[in-house]
Amino acid sequence: MKGTAIGRLRHRLALEAVSRSPDGGGGASETWTTVTIVWAEITPTGGTESVDADALTGRISHEIVFRYRPDVAPAMRLRGASRIFEIAAVIDVDERRRWLRCLCVERDL
């Protein structure tokens, strides 16, 4: 990530965290709240197809890079205008607290 141009951070994404509350029936309901808005670079890295319940489904994985934040965890997600990216891993690039690289899987809205 040395020499990353600021112009490559052209996607505005909401970093969201989940909060769970009991639903009274032994389960929990999930609510996603926005932690902050980040400017990021999104790069598709691969995709797969599988058959689930007699339907063909696809998964696309992405690498998303944005400025370092100490509070980002794999339990969070990133949301764009019409896209959701579930964070699978968070990497501190060069371990210098300058950039975060998140390995994500895009899912349907």
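**Group meeting: a six-stranded barrel**

Okay, let's start in a loop: Asp94 sits between strand 5, residues 84-92, and strand 6. Before I go on, keep in mind that this is a predicted model.

So what about the phi of Asp94? It's positive, near 60°, and Asp94 is not a glycine. For background, most residues other than glycine have a negative phi. Glu95 is in that loop between strand 5 and strand 6 as well, and there phi is positive too, about 50°, again without being a glycine.

Are these two buried or exposed? Asp94 comes out at 46% relative accessibility, so we call Asp94 partly exposed, given that the exposed label needs over 50%. Glu95 has 70%, so Glu95 does count as exposed.

The loop belongs to a hairpin: strand 5 and strand 6 have six residues between them, and Asp94 with its positive phi is in that hairpin. The two strands pair in the antiparallel sense, over eight bridges. If you want one pair to click on, take Glu86, which stands opposite Val105 in strand 6. Hang on to those two names, please.

Okay, zooming out to the whole chain. The protein chain has 109 residues, and 27% of them count as buried. How many helices and strands are there? Zero helices and six strands, so to speak a plain β-β-β-β-β-β run from the N terminus on. If you're setting up a box, the C-alpha atoms fill roughly 50 × 35 × 25 Å along the principal axes.

Now, how do the six strands come together? They close into a barrel, in the order 1-2-3-6-5-4, with antiparallel pairing. On average, neighbouring strands in this sheet are turned by 45° against each other, ignoring direction. As a reminder, strands of a sheet pair through backbone hydrogen bonds.

Let me walk around part of that barrel, beginning with strand 1, residues 11-22. Strand 1 pairs with strand 2, residues 28-52, antiparallel and over 12 bridges. One anchor point here is His11, whose bridge partner in strand 2 is Ala40. Strand 1 and strand 2 also make a hairpin, this one with five residues between them. In its turn you'll find Gly24, with a positive phi of about 85°.

With strand 4, residues 77-79, strand 1 also pairs in the antiparallel sense, here over three bridges. Ala14 is the residue to look at, standing opposite Arg79 in strand 4.

Then there's strand 3 with strand 6: antiparallel, eight bridges. Ile64 has Cys102 as its bridge partner in strand 6.

Two side stops in strand 2 before the pocket. Stop one is Glu41, which is part of strand 2. Buried or exposed? Glu41 has a relative accessible area of 11%, and the cut-off for buried is under 20%, so Glu41 is buried. The Glu41 side chain has a partner, though: a polar contact of 2.6 Å joins the side chains of Glu41 and Arg8.

Stop two is Val35, also found in strand 2. At 36% relative accessibility Val35 is partly exposed, because that value falls between the 20% and 50% limits. How far is Val35 from Met76? In sequence they're 41 residues apart, and in space the C-alpha to C-alpha distance is 9.6 Å.

Last topic, the pocket. The largest pocket holds about 230 Å³ of space. Which residues line it? From the N-terminal end of the list: Thr57, Gly58, Arg59, Ile60, Glu86, Val105, Glu106, Arg107 and Asp108. Two elements give two or more residues to that lining, strand 3 (55-67) and strand 6 (99-107). Strand 3 has the largest share, with four residues.

Remember Glu86 and Val105? They stand opposite each other in the pairing of strand 5 and strand 6, and both names are on the lining list.

By class, the lining comes to two nonpolar, two polar and five charged residues. For anyone thinking about electrostatics, the charged ones include Arg59, Glu86 and Asp108.

That's my tour, and I'm happy to pull up any of these residues on the screen.

Technical notes: Residues numbered from 1 in each chain as written. Predicted model: local features only at pLDDT ≥ 70, side-chain atom pairs only at ≥ 80, totals over all residues. Heavy atoms only, no water. 1 Å grid on protein atoms, 1.4 Å probe; cavity = no way out; pocket = protein on both sides within 12 Å on 5 of 7 lines; lining within 4 Å. Points joined across faces, edges and corners; volume = space filled by probe spheres on them. Pairing = 2+ DSSP bridges. Axes fitted to C-alpha atoms, helices over the stretch in contact; angles between N-to-C directions. Buried < 20%, exposed > 50% of the residue type's maximum accessible area, 1.4 Å probe, protein only. Polar contact = N/O pair within 3.5 Å; in protein donor to acceptor, adjacent residues only side chain to side chain.
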